[in-house]
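Colleague: I'm new to this one. Can you walk me through it?
Modeller: Sure. Have a look first, then ask away.

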Amino acid sequence: MTWLNHTDLGIPPSFFLVGIPGLETAYLLLAFPFCLTYLLALVGNGIVFLIIQMEDSLHQPMYMLLAMLSLVDMGLSSSTIPKMLAIFWLGAHDIAFNACLTQMFFIHAFTALESGLLVAMAFDRYVAVCNPLRYMAILTGFTIAKLGLAIITRAVVLLVPLVLMVMHLHFCQTWVIVHSYCEHMAVVKLACGDTKINSAYGLVVVALIIGFDIVFISFSYFLILGTVFHLPSKDACWKTLGTCSSHICVILLFYTPAVFSFLTHRFGHGVAPYIRVLLASLYLLVPPALNPIVYAWRTKPIREKILRVFQLCKT
């Protein structure tokens, strides 16, 4: 009776997540690198977050933003990988309708949060390089809190309507999602009837979040480079750029696969489905796993604190 009530309303009781189409025979093998990368993301980001919280000397704007990024990275990878591992290892393909919408919200919300934090970190680098004497006066704890609240508000305001619009769609043909998680357009494509509004709003959200953030970050680094090239010596130039190197690496790690995945999913009809899904899965997993490595390696204070912790553990 529950099934009939749902189907009468055009709402399925559950969806069937395929996983990575075309690679079904390799699921058991794929699960191991996915699991190891997920564990690396959790452990690495957890260590970075705890060290920043415990060390008073790291309670500075740049490191507080990094601590927020670590939390978002753990949430982003946790919103997708556990279900993917359940598919790969246990064959648990079914996902309840409400659980699917919840996963959709958190995946896109954490993506928006990560993008927003990269913008905040670009602003941090801009102030540090272009207006260093007023750095602590501009980026106070209250300012960082307001930036964090603004980033969360933007994600919620833009993504709640996205999910509500999907809730009002009717699914009367197939409930098989050819994807490894409940990605917005992968679910919308299953609906019967006109979905142009859903597709258009999805593009608007991408433009307002990813598009705006890339433009803002690019503009920030344009100003940073303008300041750097006017420094009196090459050593000063390289030293100043070195302070931005870890942030630049994280930007490339996040936006390059994200934009490529978006373009192939929207316009790459000639691209094999398993490539599109694999790219979409990796861009939510690889950046969270590599971000703490990049910051631990490229940021001396964090690297020193981590090495000190390991030395204490050995003794």
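Colleague: How far apart are the end C-alpha atoms of residues 64–89?
Modeller: They lie 37 Å apart in this predicted model. The span is 92% helix and 0% strand.

Colleague: And what about residues 26–52?
Modeller: There the end C-alpha atoms are 39 Å apart. That span is 96% helix, with 0% strand.

Colleague: What does UniProt call these stretches?
Modeller: The unreviewed UniProt entry lists each as a "transmembrane region". Its list also includes residues 95–123, 200–224 and 275–297.

Colleague: Let's switch to helix H11. What span should its 26 residues have?
Modeller: H11 covers residues 273–298. At 1.5 Å a residue, it should span 38 Å. Its end C-alpha atoms are 36 Å apart, which agrees.

Colleague: Where does H11 bend?
Modeller: At Leu282, by about 30 degrees.

Colleague: New topic: rings. How many aromatic pairs are there?
Modeller: The count is 11, taking ring centres within 6.5 Å as a pair. One of them is Phe97 with Phe171. Their centres are 6.2 Å apart and their planes make an angle of 70 degrees. Over 60 counts as edge-to-face, so this pair is edge-to-face.

Colleague: Which parts does that pair tie together?
Modeller: Phe97 sits in helix H5, residues 97–130. Phe171 is in the loop between helix H7 (141–167) and strand S3 (176–177). So the pair links parts that are 74 residues apart in sequence.

Colleague: Are Phe97 and Phe171 buried or exposed?
Modeller: Both are buried.

Colleague: Which residues form a cluster with them?
Modeller: Phe15 joins Phe97 and Phe171 in one aromatic cluster.

Technical notes
Residues are numbered from 1 along each chain as its sequence is written. This is a predicted model: local features need pLDDT of at least 70, side-chain atom pairs count only at pLDDT 80 or more; totals for chains, interfaces and linings use all residues. Side-chain values use heavy atoms; hydrogens and water are left out. Helices (H or I, at least four residues) and strands (E, at least two) are DSSP runs, numbered from the N terminus. The expected span of a helix is 1.5 Å times one less than its number of residues. The bend at a residue is the angle between axes fitted to the seven residues ending there and the seven starting there. UniProt positions are given in the numbering used here, feature names are shortened, and annotations may be inferred rather than shown by experiment. Rings of Phe, Tyr and Trp (its six-membered ring) pair if their centres lie within 6.5 Å; planes under 30 degrees apart count as stacked, over 60 as edge-to-face and the rest as tilted. Buried means under 20% relative accessible area, exposed over 50%, partly exposed in between (1.4 Å probe, protein chains only).
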